[in-house]
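Dear colleague,

Please find below the structure that I am handing over to you, together with its sequence. My findings follow it.

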Protein chains: 2
Amino acid sequence: MASPGSGFWSFGAEDGDKDNETENPSTAKAWCQVAQKFTGGISSKLSALLYGEAERSSDTGTKEEMDSENKAMSSHYDKNACKCQKGGCDFSSLYSTDLLPAKNGETDTLCFLQEVMDILLQYVVKTFDRSTKVIDFHYPNELLQEYNWELSEQPQTLDDLLLNCKTTLKYAIKTGHPRYFNQLSTGLDMVGLAADWLTSTANTNMFTYEIAPVFVLLEYVTLKKMREMIGWPGGCGDGIFSPGGAISNLYAMLIARFKMFPEVKEKGMAAIPRLIAFASEHSHFSVKKGAAALGIGTDSVILIKCDERGKMMPTDLERRIIEVKQKGFVPFFVSATAGTTVYGAFDPLIAIADVCKKYKVWMHVDAAWGGGLLMSKKHRWKLNGVDRANSVTWNPHKMMGVPLQCSALLVREEGLMQNCNQMHASYLFQQDKHYDLSYDTGDKALQCGRHVDIFKLWLMWRAKGTTGFEAQIDKCLDLAEYLYNKIKNREGYEMVFDGKPQHTNVCFWYLPPSMRNMEDNEERMSRLIKVAPVIKARMMEYGTTMVSYQPQGDKVNFFRMVISNPAATHQDIDFLIDEIERLGQDL
Amino acid sequence: MASPGSGFWSFGAEDGDKDNETENPSTAKAWCQVAQKFTGGISSKLSALLYGEAERSSDTGTKEEMDSENKAMSSHYDKNACKCQKGGCDFSSLYSTDLLPAKNGETDTLCFLQEVMDILLQYVVKTFDRSTKVIDFHYPNELLQEYNWELSEQPQTLDDLLLNCKTTLKYAIKTGHPRYFNQLSTGLDMVGLAADWLTSTANTNMFTYEIAPVFVLLEYVTLKKMREMIGWPGGCGDGIFSPGGAISNLYAMLIARFKMFPEVKEKGMAAIPRLIAFASEHSHFSVKKGAAALGIGTDSVILIKCDERGKMMPTDLERRIIEVKQKGFVPFFVSATAGTTVYGAFDPLIAIADVCKKYKVWMHVDAAWGGGLLMSKKHRWKLNGVDRANSVTWNPHKMMGVPLQCSALLVREEGLMQNCNQMHASYLFQQDKHYDLSYDTGDKALQCGRHVDIFKLWLMWRAKGTTGFEAQIDKCLDLAEYLYNKIKNREGYEMVFDGKPQHTNVCFWYLPPSMRNMEDNEERMSRLIKVAPVIKARMMEYGTTMVSYQPQGDKVNFFRMVISNPAATHQDIDFLIDEIERLGQDL
């Protein structure tokens, strides 16, 4: 088998992580091995493709090239790779003006895009390689000084741009890495990624059917399916994909207000009574953000008490609604949470729906994090009652692993969004177009232009089927239970709340050996506060794994483990625990 | 030179458009020619790469294969291509579960992603090929019926997914096509596209430095540079990339309100006086949408008169501000427009700034469309006075050709956004992290998660330099002037407003021969209303070009031509005029 030309493997050369270098193959080597598995000899072909026959024939250089991987990327790249002619393209003398739409720019364009693609494919393979770091951490001032990121008058060569791409990925967090547990959105789905590349290439806007015919139809089909899964009869209703859960929640509050007092659209808040919204103590901060933005004010968001598992207490909700009414204010919006951010708690939706019905209050369910469980026959009971909601936020970019961003707001009543938000812009929503105007969905949005977020979700759904999403989600929940069982009685661990986790959130303190026999007093607490931040900082500096921590109410800093990455396995959970103990034992 | 294997060219097979088939090479042939230009023989290599040596050796098949291009894509694809083994991967028996993170999934993953990439590369080449259609138009119900877009329980094969991708692109609008003039955002920048692919691959979120170190720094660098170009001393100030111009404008209004009445955040609109916002009659509808959402109400947005060129009249602004104050209301926000949506007018910013200063009103400049002209030494005078604004919306996804979405809101006063929007979510913005927390920008946003929109702008800026953006923008403005000069005295054309366009908007009526000698009465007007919609509908059905039309005030439907696509040339302008005349002559 022919060997790769020089420079081809240069990206990530020094990523043969310091810690792993001797035990594991460097990632570049791993990549080599991967490429060599191709039955069609893709390795040599890709190499030839990029460097031309002349370079390819210097096969004898292999050994030296493989060694040179371990030198620093930038210098290696500068000295060896930049000057290569790749597929006939000398990127060091080419500029973006040589690419399409330049005359005869096809060759250079294809070469350039293929070269970028190779960089990305290497990153993808490395993402799933446990011997690579999750993060190559640098402090902001270091990173600012280490490279020249400035924008200047003059253009850079394509070679420089390729280096920019490599450098950017070198310092990126591998959010798809099996040991990245830091956020609710983790993982890198291959079909979702492909779909997002296609979306970028199609480069259009959701506001009219005219310029996004397929995407508009796919949004229609997918929202309907999601409403069916919520349980609204026939999948009827409305909805939109919005730029994230916070905006979806804001939409819900906006529509709820309009439903109760449509005059607010023209007259503003001054013309209507004081409105009060309700959400639990554990709810997401976006409910307050939304209230501030909408001119309702954060003081008009009442936080309802939770039980020890972080679930809203419907009795407290009812009590507070009655109080508010007695004051002459108008309860207009209850945001129940299906999967809280920290504990992963599911509010009791049926009891909350009963209260909302009794007092005629809009019921919103913020299922940004928990919505994915609707895919699972085993777990969907946790959202029982969601069908009684007036609106639901559901972020497929969280538990379903769709690339960021992908958040849906679903509304039971059709036409309300349109009435609430429409401004009839005549330059966009002409009424004398030649097709069915109900597909011009832009006027129901708060935005004008709207990014295409649908294709990646739709294509992933086609790829997996509902059963595939179900398997993926069930697996993540099983892993969370595995983690819980592993640490609940383990020395040095304390659970933040008792009982099996309802979602994949597992919240716990790690106690270093020196603290295990301390009395539960202030000194202990003041030391415990610092444990998680120090372990987290060390994790990031070693780059081996990432997990979040935070305080909650009177509970000091604890780890919040979440699992949404289909790449994670039992071994990765074991690794996390080992790593916490390794990094925290001396504290 | 070896010829391609069967199926490789199959995408777009029937795109050898009916109209052009005899005069021009079909696009598949054009693509062949492109591939054959590669010095390294990329054509045969790619072919070999995808189909393996065995298939490649059947070179004799060329003639038949080239002919078969002209058969319908779907059947061709089904019969010939689907069963091919590509680089050793038989996609018809593979599923997404065979891809990474599947064990030993590297080979199948790389094959699949490379196959998707080839589909995208073909689409890119076709985008710039004038012999392809801008759009292959189908009515919504046709498109819904023609394919099965439904989501089901069971997974599809990778082969099916590839077909989904091809079908989606087949019906997509080629927004980068040199003859696509339909929106303010047109064009497909190769570097921007590559950068967007990388962004998808990095799949992260802007809220903290922790998970987006490089992107956060690039946003910092780029926003500073944009503020420098606005003319704020030292580039000081604040800003954020938001999901589109409408949201950027909403941010501006939100911050202006908070600046004047910070208590609104907690107390809501009920606690403060009635606020009034001002924008011109020609301003974007998002000002009203924002006012409705923020609880201010659309009745509290006063539309200021414009002159015949669509520019706000500062004398009318002052008069209305005085009126409002006399009523005891509080003028708090003036949105001047730099580049209106329809006429491309630039409001007189210096005079407006004087009025705002006199009455202590927040001055916002909606330069979503016109901001790009700040890049041009020749045209930036049109924004003179923008440095006196308190906030500026500037969408690089419009005049600068950055892929969607890329919109910046820039604010002169630092810290205001943070104070206005922060909610101190402890699970995300921990105060005991080990790095400089000023880089955790998430709490200044209304959103929680925020899509990475910065990399494509930053990389394009590196690629072009400021001078490159300048050349690109100047060229578009030159083309608009060319169009204006061409039609201003041409038989059958009437300009909507007199004089050379200030931006690339050229607004005109086309009069079919049958209407040219009609008196200017109601009958003429009722016929004229229908001309642009009919021509537009025909353009879309032929798929040859796309341009927008709309009424404005008492002016009935006219064409609004805009040029933001660097791929457009004088010939494309000529083509548009010919096409309007060809499609409209019988009306």
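In what follows, contact means heavy atoms within 4.5 Å of each other. Please note also that this is a predicted model.

I begin with a sheet of chain A and the helix upon it. The sheet is open and has five strands, in the order β3-β13-β14-β12-β11 (chain A), and its pairing is mixed. At its edges stand β3 (180-181) and β11 (493-495) of chain A; each has a single partner strand, so one side of each is left without a neighbour in the sheet. The partner of β11(A) is strand β12 (residues 506-510) of chain A: the two run antiparallel and are joined by three bridges. Within this pairing, A:E494 is placed opposite A:W509 in β12(A). Helix α16 (residues 454-487) of chain A lies across β11, β12 and β14 (555-561) of chain A, and runs at about 30 degrees to β12(A).

Chain A also offers a helix pair. Helix α5 (residues 106-127) of chain A and helix α7 (residues 158-170) of chain A have axes that come within 11 Å and cross at roughly 15 degrees. Since angles under 35 degrees count as roughly parallel, α5(A) and α7(A) are therefore roughly parallel to each other. Their crossing is right-handed. On the side of α5(A), the contact involves A:F112, A:E115, A:V116, A:I119, A:L120 and A:Y123, which meet A:L158, A:L162, A:K166 and A:L169 in α7(A). Of the residues in this contact, eight are nonpolar, none is polar and two are charged.

In chain B, I would draw your attention to an open sheet of seven strands with mixed pairing, ordered β2-β8-β7-β6-β5-β3-β4 (chain B). Its edge strands, β2 (238-242) and β4 (301-304) of chain B, each pair on one side only. On average, and ignoring direction, neighbouring strands of the sheet are turned by 20 degrees against each other. Strand β3 (residues 275-280) of chain B pairs with β4(B) in the parallel sense over four bridges, and B:S280 has B:I304 in β4(B) as its bridge partner. Helix α12 (residues 286-293) of chain B lies across β3, β4 and β5 (330-337) of chain B, at about 165 degrees to β4(B).

How, finally, are the two chains related? A turn of 180 degrees and a shift of 0.0 Å along the axis lay chain B on chain A with an RMSD of 0.0 Å. That is the relation of a two-fold axis. The C-alpha of chain B nearest the axis belongs to B:L294, 2.0 Å from it. As 100% of the interface residues of chain B are also interface residues in chain A, the copies meet through the same surface.

With kind regards

Methods
Residues numbered from 1 in each chain as written. Chains lettered and ligands numbered in written order. Predicted model: local features only at pLDDT ≥ 70, side-chain atom pairs only at ≥ 80, totals over all residues. Heavy atoms only, no water. Least-squares fit on C-alpha atoms with pLDDT ≥ 70 in both. Axes fitted to C-alpha atoms, helices over the stretch in contact; angles between N-to-C directions. Parallel < 35°, antiparallel > 145°, perpendicular 65-115°, else oblique. Left-handed = near helix turned anticlockwise from the far one by under 90°. Nonpolar A, V, L, I, M, F, W, Y, C, P; charged D, E, K, R; others polar. Pairing = 2+ DSSP bridges.
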